[in-house]
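Here are a few short exercises to try with the sequence and the 3D view open. Work through each task yourself before you read its solution.

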Amino acid sequence: MTSIQKRLSDLRQTIPTNVELVAVSKFHPIEALREAYDAGQRIFGESRVQELVAKKESLPSDIQWHFIGHLQANKVKYIAPFISLIHAVDSEKLLLEIDRQAVRNERTIPCLLQLHVAQEETKFGFSLEECWAMLQQGTWKDMKGAQISGIMCMATNTDNTDIIRADFETAARFFEDAKNTFFSDLPYFFYRSWGMSSDYLIAVETGANLVRIGTTIFGEREY
Ligand SMILES: *Cc1c(COP(=O)(O)O)cnc(C)c1O
């Protein structure tokens with residue numbers, strides 16, 4: 001077993017089986033992804049379009065690629081033919097472009113709405129009010145290609161676990177309210193994507209069923 005395979009296997013022991021693991025492989029070389037693949041990992045998360053497309057071309061076709069970073073509308077076309085899930089949709093404009101490109105590719109593209117729940121100004125995402133207003137306004141209901149499949153967020157960057165927990169709980173409450181109000185008959189509204197290397201255990205406790213973990217599997221990234 002390689003060290004990546006050992007870390008992956010140790011990590012899996014700590015994650016309940018109903019929680020899906022996205023191996024966040026951004027900035028790591030193909031060989032690192034290959035090791036994780038050989039240990040059975042099939043969902044990989046990338047945050048840059050060019051890097052994702054290059055990796056996809058050199059790795060097996062049964063990998064499910066997730067886009068986890070901030071996505072510019074003009075780049076959606078490069079990933080629309082194959083992407084399995086887009087985690088961080090933070091504007092209706094982006095959602096509309098994903099819809100358009102999904103239809104062009106005769107695909108459905110599952111998307112998560114990114115909520116800004118952290119206390120920093122710098123993180124992307126809808127405010128709770130903006131996100132609710134968009135759902136209420138209802139343009140998404142006519143979309144044939146983009147499918148709103150859940151909620152994603154990042155907690156405040158802090159060591160204070162109370163703050164992290166409160167951020168995730170805010171997202172969890174929003175998920176429940178949105179599910180009851182807009183998606184009660186739409187079972188694909190399902191994913192709660194929160195939790196990274198430093199906070200995934202709190203994420204799981206607060207209802208995450210999709211965690212995005214990089215450093216714990218692959219080690220530190222070189223930027
Ligand atoms: C990089 C990244 C992660 C993984 O972070 P680690 O701390 O390496 O686990 C998760 N989510 C998003 C959106 C990221 O950009």
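**Exercise 1.** Find out which pocket the ligand takes up in this predicted model.

*Solution.* The space taken by the ligand is the largest pocket.

**Exercise 2.** List the residues around the ligand, then divide this shell into nonpolar, polar and charged residues.

*Solution.* Start with the list: Val-24, Lys-26, Ile-68, Met-152, Met-154, Met-196, Ser-197, Arg-212, Ile-213, Gly-214, Thr-215 and Arg-221 surround the ligand. Next, sort them: six are nonpolar, three are polar and three are charged.

**Exercise 3.** Which atoms of the ligand lie within 3.5 Å of a polar side-chain atom of Lys-26, Arg-212 or Arg-221?

*Solution.* Take the side chains in turn. Lys-26 places a polar side-chain atom 2.6 Å from a ligand oxygen. For Arg-212, the partner is a nitrogen atom of the ligand, at 2.9 Å. An N or O atom in the side chain of Arg-221 is 2.7 Å from an oxygen atom of the ligand. To complete the picture, look at cover: on its own the ligand has 390 Å² of accessible area, and the protein covers 89% of that.

**Exercise 4.** How many disulfides does the structure hold, and why is Cys-111 not bonded to Cys-131?

*Solution.* Begin with the count, which is zero. Now check Cys-111: its closest cysteine sulfur is that of Cys-131, and because the two are 12 Å apart, they are too far for a bond. Cys-153 is in no disulfide either, with the nearest cysteine sulfur, again in Cys-131, 11 Å away. Finally, consider accessibility: Cys-111 counts as buried because its relative accessibility is 0%, and Cys-153, at 0%, counts as buried too.

Note on methods. Residues numbered from 1 in each chain as written. Predicted model: local features only at pLDDT ≥ 70, side-chain atom pairs only at ≥ 80, totals over all residues. Heavy atoms only, no water. Near = heavy atom within 4 Å. Polar contact = N/O pair within 3.5 Å; in protein donor to acceptor, adjacent residues only side chain to side chain. Areas by Shrake-Rupley, 256 points an atom, 1.4 Å probe, with all protein chains shown as cover. 1 Å grid on protein atoms, 1.4 Å probe; cavity = no way out; pocket = protein on both sides within 12 Å on 5 of 7 lines; lining within 4 Å. Sits in = over half its atoms within 2 Å of the grid points. Nonpolar A, V, L, I, M, F, W, Y, C, P; charged D, E, K, R; others polar. Disulfide = S-S within 2.5 Å. Buried < 20%, exposed > 50% of the residue type's maximum accessible area, 1.4 Å probe, protein only.
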